[in-house]
Amino acid sequence: MSLCIEVLQLISMIMTNNSGRCFDIDDIIANTIGGIVGFYFCIISKRLLMLIFKGVDL
(Lines give C-alpha, C1' and ligand atoms only; values in the text may rest on other atoms or scores of the structure.)
Protein backbone atom coordinates (compact mmCIF):
# COMPACT_ATOMS: atom_id res chain seq x y z
CA MET A 1 0.00 0.00 0.00
CA SER A 2 2.80 2.38 0.88
CA LEU A 3 4.53 1.67 -2.41
CA CYS A 4 1.30 2.40 -4.31
CA ILE A 5 0.93 5.77 -2.59
CA GLU A 6 4.53 6.70 -3.33
CA VAL A 7 4.18 5.70 -7.00
CA LEU A 8 0.96 7.71 -7.27
CA GLN A 9 2.78 10.72 -5.83
CA LEU A 10 5.53 10.26 -8.41
CA ILE A 11 3.03 9.99 -11.27
CA SER A 12 1.11 12.99 -9.97
CA MET A 13 4.29 15.03 -9.75
CA ILE A 14 5.24 14.12 -13.33
CA MET A 15 1.77 14.72 -14.78
CA THR A 16 1.05 18.05 -13.07
CA ASN A 17 4.62 19.36 -13.01
CA ASN A 18 4.06 20.14 -9.33
CA SER A 19 6.90 19.62 -6.88
CA GLY A 20 4.73 19.72 -3.75
CA ARG A 21 5.03 15.97 -3.15
CA CYS A 22 7.96 13.74 -3.93
CA PHE A 23 8.76 10.06 -4.16
CA ASP A 24 10.92 9.03 -1.21
CA ILE A 25 12.21 5.54 -0.45
CA ASP A 26 12.58 6.51 3.23
CA ASP A 27 8.78 6.78 3.49
CA ILE A 28 8.38 3.22 2.20
CA ILE A 29 10.98 1.90 4.65
CA ALA A 30 9.49 3.80 7.61
CA ASN A 31 5.94 2.67 6.78
CA THR A 32 7.04 -0.95 6.43
CA ILE A 33 8.89 -0.89 9.76
CA GLY A 34 5.93 0.83 11.41
CA GLY A 35 3.57 -1.82 10.06
CA ILE A 36 5.76 -4.64 11.37
CA VAL A 37 6.11 -3.02 14.80
CA GLY A 38 2.34 -2.42 14.95
CA PHE A 39 1.63 -6.03 13.96
CA TYR A 40 3.83 -7.43 16.72
CA PHE A 41 2.42 -4.92 19.21
CA CYS A 42 -1.08 -6.26 18.49
CA ILE A 43 0.03 -9.87 18.91
CA ILE A 44 1.80 -9.14 22.22
CA SER A 45 -1.14 -7.06 23.49
CA LYS A 46 -3.60 -9.83 22.65
CA ARG A 47 -1.51 -12.42 24.49
CA LEU A 48 -1.11 -10.19 27.53
CA LEU A 49 -4.83 -9.49 27.67
CA MET A 50 -5.59 -13.19 27.38
CA LEU A 51 -3.26 -13.89 30.31
CA ILE A 52 -4.75 -11.08 32.41
CA PHE A 53 -8.37 -12.02 31.79
CA LYS A 54 -7.88 -15.79 31.70
CA GLY A 55 -9.13 -16.30 35.25
CA VAL A 56 -11.78 -13.54 35.20
CA ASP A 57 -15.36 -14.70 34.78
CA LEU A 58 -17.26 -12.11 32.77
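The following exchange goes through the terms used for a predicted model and the values behind them.

Trainee: What is the model, and how are its values counted?
Mentor: It is a predicted model, in which local features need pLDDT of at least 70 and side-chain atom pairs count only at pLDDT 80 or more, while totals for chains, interfaces and linings use all residues. Residues are numbered from 1 along each chain as its sequence is written, and side-chain values use heavy atoms, with hydrogens and water left out.

Trainee: Why is Ile52 called exposed?
Mentor: Exposed means over 50% relative accessible area, buried under 20% and partly exposed in between (1.4 Å probe, protein chains only); Ile52 has 56%, and is therefore exposed. Ile52 lies in helix H2 (residues 25–52), helices being DSSP runs of H or I with at least four residues, numbered from the N terminus.

Trainee: How do you know that the span of helix H1 agrees with what is expected?
Mentor: The expected span is 1.5 Å times one less than the number of residues; for the 15 residues of H1 (residues 2–16) that should be 21 Å, and the end C-alpha atoms are 21 Å apart, so the two agree.

Trainee: What makes Ser2, Glu6 and Gln9, which are buried in H1, lie on the same side of H1?
Mentor: They cover an arc of only 55 degrees around the axis, which puts them on the same side, the arc being that of the directions from the helix axis to the C-beta atoms. The buried residues of H1 pack against H2, with contact meaning heavy atoms within 4.5 Å, whereas Leu8, Ile14 and Met15 are exposed on the other side of H1.

Conventions. Helices (H or I, at least four residues) and strands (E, at least two) are DSSP runs, numbered from the N terminus.
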